[in-house]
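Biologist: I would like a close look at one helix pair, with the side chains named where possible, and then a careful account of what surrounds that pair.

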Amino acid sequence: MPVLVVVGLQWGDEGKGRVIHTLARRAYAVARYQGGNNAGHTLVLGNNEVLALHLIPSGIVYPNVRCYIGNGVVVDPKALYEEIGHLAKRGVRIGRRLGLSPLCHVILPYHLSLERYLGEGSRLGTTQRGIGPSYRDKIARLGLRVLDYLNTPRFQERVMANVRELLAPFARPSEIRSIERETFETQKKLAPFLKRLLADVSIEITDALSRGRRVLLESAQGTFLDVDFGTYPYVTSSNPVAGYAPCGVGIGPKIDAVLGVAKLFTTRVGEGPFPTEIHGALASQIRETGLEYGATTGRPRRIGHLDLTMIRKACRLNGVTHLALTKLDTLAGLASLKVCVGYSWRGKIFKDFPDDPEILAKANPVYKELPGFSGDLTSVKRWSDLPGAAKRLVDETAAFAGVSPAIVSLGRKADNQIVLDAGFAREWLTGG
């Protein structure tokens with residue numbers, strides 16, 4: 001029963017999309033287990049064609065791969081409809097290869113309005129796509145699932161109750177009626193579309209596993225945006241950590257391997273603590289070289305030195321068995337590299353990434369300096385051909401994390417990589 005979870009080890013944007021793009025080629029199915037259209041996986045196809053995905057799993061570009069949106073995902077029906085239309089225009093034929101769990105909670109127009117009225121999106125630096133309010137309704141038992149969306153009388157009754165309760169403190173009656181009309185009109189148009197996508201994701205994945213087929217479970221964000229283990233409250237509203245993956249698609253705790261993906265520097269989008277953040281010319285150079293802009297919003301990402309304490313903690317939280325280290329090529333040309341190996345605060349040294357926001361905000365990173373390297377690494381295919389300083393950065397990262405690297409990524413395309421673990425390659429990258 002081969003199940004591989006691919007999870008980000010930082011604040012998202014680690015390059016999970018390109019890694020899954022490589023792995024999915026030999027998989028039977030790829031499934032998203034949390035998040036919504038607030039995240040994006042960027043794939044680089046042939047002829048340098050860039051494709052950004054938001055709700056649909058990264059395996060969709062392969063015509064033989066089945067893709068699932070699991071129950072842990074919150075789905076904006078309009079966004080999903082538009083994304084499928086965009087893929088069709090790009091020549092990606094979905095047919096019946098995409099399965100949507102009827103247990104997914106839906107994001108509705110009043111969720112976007114509520115986020116705007118509350119101002120939480122601006123305060124926390126979220127994408128303001130209604131993700132938080134939808135997850136809030138789910139936990140408060142006010143949410144509506146896809147199966148409710150397809151039951152028009154029940155849907156209308158519950159929407160009217162929710163809208164009038166949730167928006168009454170903020171909106172005029174005329175605004176509330178307008179939001180209700182928009183919600184009902186959209187539901188009437190999109191309910192038949194969603195119905196065609198329905199699949200019992202739990203049963204279908206379980207059946208695939210019973211037949212020995214490979215299944216990849218992909219997270220949408222990174223470990224430190226996890227609502228429990230991230231830099232709270234500057235987090236997402238769900239659990240990207242690998243332990244939630246089986247729950248998010250409706251299977252038992254059947255994980256064979258966890259591939260943790262990390263950049264060899266650190267980035268963050270939006271607000272929140274970022275102890276190793278850098279500014280000025282160095283940050284701009286890394287941002288422009290690495291094209292560090294959000295796949296969903298286009299926002300420039302904040303840039304920082306590699307934080308090894310983050311990666312080690314994320315490996316522990318996720319039970320990481322293999323590492324995929326990305327963006328090594330982006331660092332080429334830098335004279336030296338700093339990596340964070342601890343924190344100093346009030347006379348104490350912390351060797352692990354702190355949970356306390358006050359410590360994160362005020363502590364000083366303890367850096368180890370490594371030599372830089374140069375050259376165009378995107379065409380390198382063998383470990384032995386990398387500059388010695390580049391190999392040292394990878395080795396130091398793996399040693400600090402306590403996990404062996406399986407993949408080192410050297411560019412944006414799926415084949416710009418070096419595979420270091422022959423066993424991992426046999427299990428997940430070859431055969432069928």
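Which residues in α7 meet which residues in α8?

Modeller: This is a predicted model, in which local features need pLDDT of at least 70 and side-chain atom pairs count only at pLDDT 80 or more, while totals for chains, interfaces and linings use all residues. Residues are numbered from 1 along each chain as its sequence is written, and side-chain values use heavy atoms, with hydrogens and water left out.

Helices (H or I, at least four residues) and strands (E, at least two) are DSSP runs numbered from the N terminus, and contact means heavy atoms within 4.5 Å. On the α7 side (152-167), the residues that meet α8 are Thr152, Phe155, Gln156, Val159, Met160, Val163, Arg164 and Leu167. Across from them, helix α8 (residues 173-197) contributes Ile176, Ile179, Glu180, Thr183, Phe184 and Gln187. Sorted by class, this contact of α7 with α8 has eight nonpolar, four polar and two charged residues, where Ala, Val, Leu, Ile, Met, Phe, Trp, Tyr, Cys and Pro count as nonpolar, Asp, Glu, Lys and Arg as charged, and the others as polar.

Two packed helices are described by the angle between their axes and the distance between the axes. The axes are lines fitted to C-alpha atoms, for helices over the stretch in contact, with angles from 0 to 180 degrees between N-to-C directions. The axes of α7 and α8 come within 10 Å, crossing at roughly 150°. That makes α7 roughly antiparallel to α8, since angles over 145 degrees count as roughly antiparallel, under 35 as roughly parallel and 65 to 115 as roughly perpendicular, the rest being oblique.

Each of these two helices has a further helix to consider. For α7 it is α3 (109-118), which packs with α7 at an angle of about 5°, their axes lying 11 Å apart. The two helices α3 and α7 are therefore roughly parallel. In this contact Tyr110, Leu114 and Tyr117 of α3 meet Val159, Asn162, Val163, Leu166 and Leu167 of α7, a group that divides into seven nonpolar residues, one polar and no charged. Val159 of α7 thus appears in the α3 contact and also in the α8 contact.

For α8 the further helix is α2 (residues 77-89), which packs with α8 at about 70° with the axes 10 Å apart. The helices α2 and α8 are therefore roughly perpendicular to each other. Pro77, Lys78, Leu80, Tyr81 and Ile84 of α2 make this contact with Lys189, Leu190, Phe193, Leu194 and Leu197 of α8, and by class these residues are eight nonpolar, no polar and two charged.

Helix α5 (residues 131-139) also belongs to these surroundings, and its buried residues (under 20% relative accessible area, 1.4 Å probe, protein chains only) are Ile131, Pro133, Ser134, Tyr135 and Asp137. They pack against α3 and α7, as well as against β6 (74-75) and β8 (105-106). After α5 comes arginine 141, whose phi is positive, near 65°.

The strands can now be added. Two strands pair if DSSP finds at least two bridges between them. Nine strands form an open sheet of mixed pairing, in the order β7-β5-β2-β9-β1-β10-β15-β19-β20. At its edges stand β7 (98-100) and β20 (417-419), each with a single partner strand, so one side of each is left without a neighbour in the sheet. Neighbouring strands here are turned by 20° against each other on average, direction ignored.

Within that order, β9 (residues 215-222) has eight of its eight residues buried, so this strand is largely enclosed by the rest of the structure. Strand β1 (residues 3-8) pairs with β9 in the parallel sense over five bridges, and valine 6 has glutamate 218 of β9 as its bridge partner. Strand β2 (residues 29-32) also pairs with β9 in the parallel sense, over four bridges, with alanine 31 opposite leucine 217 of β9. Elsewhere in the sheet, three bridges join strand β15 (residues 322-326) to strand β19 (residues 405-409), which run parallel, and leucine 323 stands opposite proline 405 in β19.

A further open sheet has three strands in the order β11-β13-β12 with antiparallel pairing.

Technical notes:
Buried means under 20% relative accessible area, exposed over 50%, partly exposed in between (1.4 Å probe, protein chains only).
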